[in-house]
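This briefing gathers side-chain pairings, burial and surface character for the structure shown below. Please read it alongside the sequence and the coordinates.

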Amino acid sequence: MNIAYIYLQIYRLFDNVTPIHADCGKLCGKRCCKVDDAGMYLFPGEKSVYKLLNPDWAEIENSEFSYEFDGNKKTVPIIFCNGKCDRYQRPLACRIFPLTPYVNAGGKLEIIIDPRGRTMCPLSRELSLDEFDYKFVRNVKKAFMLLLKNAEIKEYMHSYSEYIDGYRKFFE
């Protein structure tokens, strides 16, 4: 099955759910959309969505972050926006922020509050996971349970979780 199609279907899980039952952008002035030189990593295969959509508000570059798959080192693309996007074209990382998937040492998927968001997002600092909208958290987990069936995404998630560990030790 085409990976771009899979991502487009997963995106729909977040059309009508948000982290809380209010516009969280009003709490911080949409800071996550306005941070200079900050972008969102694209998950494996997600770049193909943006080849189809070709949005004029986004720029994709290679990041410093990489992972290994099938003996090859793969660089993770990162998407930067100009602060204003088409909500329905946002990448998955934006849709799930300030949460993130995390594969623990036992190989089990967890949904956690992204420690990288603590510096900019009031929700990341002030709420516990159980205070987020239940449907939002459930849909994040559902999305990644599906994505983790892909061998490359599964391998990526192990490297990504190690990367997140580097931030967790400073914020937890």
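Asp15 is partly exposed, since its relative accessibility is 24%, and this residue is one half of a salt bridge with Arg95 in what is a predicted model. The points below take up that pair, then the other salt bridges, a residue in helix H5 and a nonpolar patch on the surface.

**The Asp15–Arg95 salt bridge**

- The closest N and O atoms of Asp15 and Arg95 are 3.9 Å apart, which falls inside the 4 Å cut-off that is used for a salt bridge.
- This pair links distant parts of the chain, with Asp15 placed in the loop between H1 and helix H2 (25-28) and Arg95 in helix H4 (residues 92-96), 80 residues apart.
- Arg95 has a relative accessibility of 4% and therefore counts as buried, whereas Asp15, at 24%, counts as partly exposed.

**The other salt bridges**

- The structure holds three salt bridges, and one of them joins the side chains of Glu152 and Lys74, with an N to O distance of 3.3 Å.
- Because Glu152 lies in helix H7 (residues 151-171) and Lys74 lies in strand S3 (residues 72-81), this pair ties together parts of the chain that are 78 residues apart in sequence.
- Glu152 counts as buried because its relative accessibility is 19%, a value that lies under the 20% limit for that class, while Lys74 is partly exposed at 28%.
- A further salt bridge brings together the side chains of Asp114 and Arg116, where the N to O distance is 2.6 Å.
- Asp114 is buried, given its relative accessibility of 3%, and its partner Arg116 is partly exposed, with a relative accessible area of 23%.

**Ser124 and its contacts**

- Ser124 is found in helix H5, which spans residues 122-126, and it is buried, with a relative accessible area of 0%.
- When neighbours within four places in sequence are left aside, Ser124 is in contact with Pro98, Ile113, Asp114, Gly117 and Arg118.
- Among these contacts is Asp114, the residue that also forms the salt bridge with Arg116.

**A nonpolar surface patch**

- Leu8, Leu52 and Leu53 make a nonpolar surface patch of about 240 Å².
- Leu8 is located in helix H1, which covers residues 3-11, and its relative accessible area of 31% makes it partly exposed.
- That 31% for Leu8 is also over the 30% relative accessible area that residues need in order to be included in a patch.

Terms used. Residues are numbered from 1 along each chain as its sequence is written. This is a predicted model: local features need pLDDT of at least 70, side-chain atom pairs count only at pLDDT 80 or more; totals for chains, interfaces and linings use all residues. Side-chain values use heavy atoms; hydrogens and water are left out. Patches are made of residues with over 30% relative accessible area and no salt bridge: like charges are joined within 9 Å, nonpolar side chains (Val, Leu, Ile, Met, Phe, Trp, Tyr) within 5 Å. Accessible areas come from the Shrake-Rupley method with a 1.4 Å probe; for residues, only the protein chains shown count as cover. Helices (H or I, at least four residues) and strands (E, at least two) are DSSP runs, numbered from the N terminus. Buried means under 20% relative accessible area, exposed over 50%, partly exposed in between (1.4 Å probe, protein chains only). Contact means heavy atoms within 4.5 Å.
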